[in-house]
Amino acid sequence: MSKKSLLARNNDLANTKRQLEILSNGQFSNGELPTFAKKIAVTNQFPLRPKKLEVLQINLGYMCNQVCAHCHVDAGPDRKEIMTKKTMQECLNVIKKTGAHTLDLTGGAPEMNPNFKWFVEEAAKVGINDFIVRSNLTIIRANKKFYDLPNFFKKHNIHIVSSMPHWTRGKTDKQRGDGVFDKSIKALQELNAVGYGIPASDLKLDLVYNPSGAFLPGDQKALENDFKKALKKEFNINFNSLFAITNLPISRFLDYLIASENYEDYMYSLVEAYNPEAVKNVMCTNTLSVSWDGWLFDCDFNQMLNLKVASKVNHISEYNEKLLQNRNIIINQHCYGCTAGAGSSCQGVVA
Amino acid sequence: MSKTYYNPADLRKFGNITEWSEELGNKFFEYYGKVFEEGALTAREKSLIALAVAHTEQCPYCIDAYTKDGLQRGITKEEMMEAVHVGAAIKSGATLVHGVQMMNKVNKLEM
């Protein structure tokens, strides 16, 4: 597995225009498979429109201590894009007046932003009490300065959502890097120790499962049961829910699909598993995504494809919720990833 | 142009068999779907049985399909290989148990 981002490797796919070209060509240009726009039009769901805004998902930077093979952010230690305090202040101004009730912090490893704690504390002061932090777990063990994160999370009653591709070391390390499994287990035990994921505790710890390869996630509930049984038996670990998330064909995962000659079959599987019910609740309908430099997107995936919101207002500095809510959501073939089977979102299945 | 009897892309066309015999095709797929639902056996257990049988039947489409199905269910490669060995053991056992028939015949024919 490469230890560098696509960007640092000067990979062709670091160019988002190239990714969009690939997603529009081949099976989708020769008519073998319908485009996402055509598919949702069949059930009168085109154009896709936002519903009530509930979640502001803020990307605090692309820097990460891990280089996961499937990462749609192309995050890693070599990525220097980090949200500045100035942009955070602009976010806080929006948080004061938004109708959204949840602040969802992601990255990269959001905790690596030097102003991470400050930002959480300020957001709490202006009224956010529903925080999500998408933590990769190993960050808690990466450096002494992060050792107190479990207590910090607890203090602000932050809902922790963490990736864990499998309950076995082999499958986890293959996707996320050597040693990630052992460190993740240690971090989960530490989170349990301060009360996270324990039955009857209100400190929530959820895990995210992404398939480690060119296949779709299975039944979320069945996987959750398997994870719970194995993690409890082997490591005495407790957690609340497992979210099964489909890998979207962009960035590093797209690179992998093409290199392993799985791209066409994978797109076929996604289209075959298309579920119109899932379209109703895709996360772009209740979430706005903010990039490290303040641009606004329909979702984190569109952010990584540099598809800014189709609105006069597309930067946090000029945020206008009423205008933004009156927009069409930008879609492309990668959106099939969120509508396959029971659907997929940052909160797991949607249908 | 290379021609082979098996084309991986044909698996996607499996559903087309209903086109030439709609009623029987639909009944088969309805039965097939029902068989693999959660029942007295879990869907996970059924997937492993299907994988083992796919190998003893030496059906390349079924092997592709149930390997992928197993991965989707979080089944490990060790579990999958053990299932294949179960199929192989029954296959070889089925061959060897006929050795008794051979022994019977030899014993009958020999003075």
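User: Where's L137(A) sitting in chain A?
Analyst: You'll find L137(A) in the loop between strand 3 (130–135) and helix 5 (139–142) of chain A. Helices (H or I, at least four residues) and strands (E, at least two) are DSSP runs, numbered from the N terminus.

User: Before we go on, what kind of model is this?
Analyst: It's a predicted model, where local features need pLDDT (the predictor's confidence in each residue, from 0 to 100) of at least 70, side-chain atom pairs count only at pLDDT 80 or more, and totals for chains, interfaces and linings use all residues. Residues are numbered from 1 along each chain as its sequence is written, while chains are lettered from A and ligands numbered from 1 in the order in which they are written.

User: Back to L137(A). What's its phi?
Analyst: The phi of L137(A) is positive, about 75°, although this residue is not a glycine.

User: And is L137(A) buried or exposed?
Analyst: L137(A) is buried, as 25 other C-beta atoms lie within 10 Å. The cut-offs are 20 or more for buried, 12 or fewer for exposed and partly exposed in between, with C-beta atoms placed from the backbone.

User: Which other residue has a positive phi although it is not a glycine?
Analyst: N157(A) has one, with a phi of about 50°. N157(A) is in a loop too, between helix 6 (149–155) and strand 4 (159–163) of chain A. With 13 C-beta neighbours inside 10 Å, N157(A) counts as partly exposed.

User: What about H159(A), which element is it in?
Analyst: H159(A) belongs to strand 4 of chain A. It counts as buried, having 20 C-beta neighbours inside 10 Å.

User: What does H159(A) touch, leaving aside its neighbours within four places in sequence?
Analyst: H159(A) is in contact (C-beta atoms, placed from the backbone, within 7 Å) with F131(A), I132(A) and K204(A). K145(A) is 14 residues from H159(A) along the chain, and their C-alpha atoms are separated by 21 Å.

User: New topic: where's a cis peptide bond?
Analyst: One runs from F46(A) to P47(A), with omega near -5°. P47(A) is in the loop between helix 2 (36–42) and strand 1 (55–59) of chain A. The bond from G107(A) to G108(A) is also cis, with omega near 20°. G108(A) sits in the loop between strand 2 (102–106) and helix 4 (116–125) of chain A.

User: OK, now chain B. How many helices and strands?
Analyst: Chain B has five helices and zero strands, so from the N terminus the order is simply α-α-α-α-α. Its radius of gyration is 19 Å, well over the 13 Å that the globule rule gives for 111 residues, so chain B is more spread out than a compact globule. That radius is taken over C-alpha atoms, and the rule is 2.2 Å times the number of residues to the power 0.38.

User: What box do its C-alpha atoms fill?
Analyst: Roughly 60 × 35 × 35 Å, taken along the principal axes. Of the 111 residues of chain B, 14% count as buried.

User: What pLDDT does chain B average?
Analyst: It averages 95, and 98% of the residues score at least 70. Among its elements, helix 3 (residues 60–72) has the lowest mean at 96, and helix 1 (residues 22–35) the highest at 98. The model itself scores ipTM 0.81 and pTM 0.91.

User: Last one: how many residues does each chain bring to the contact?
Analyst: Chain A brings twelve and chain B nine. On the chain A side, helix 9 (residues 220–235) gives the most, with three residues.

How values were computed:
Contact = placed C-beta atoms within 7 Å.
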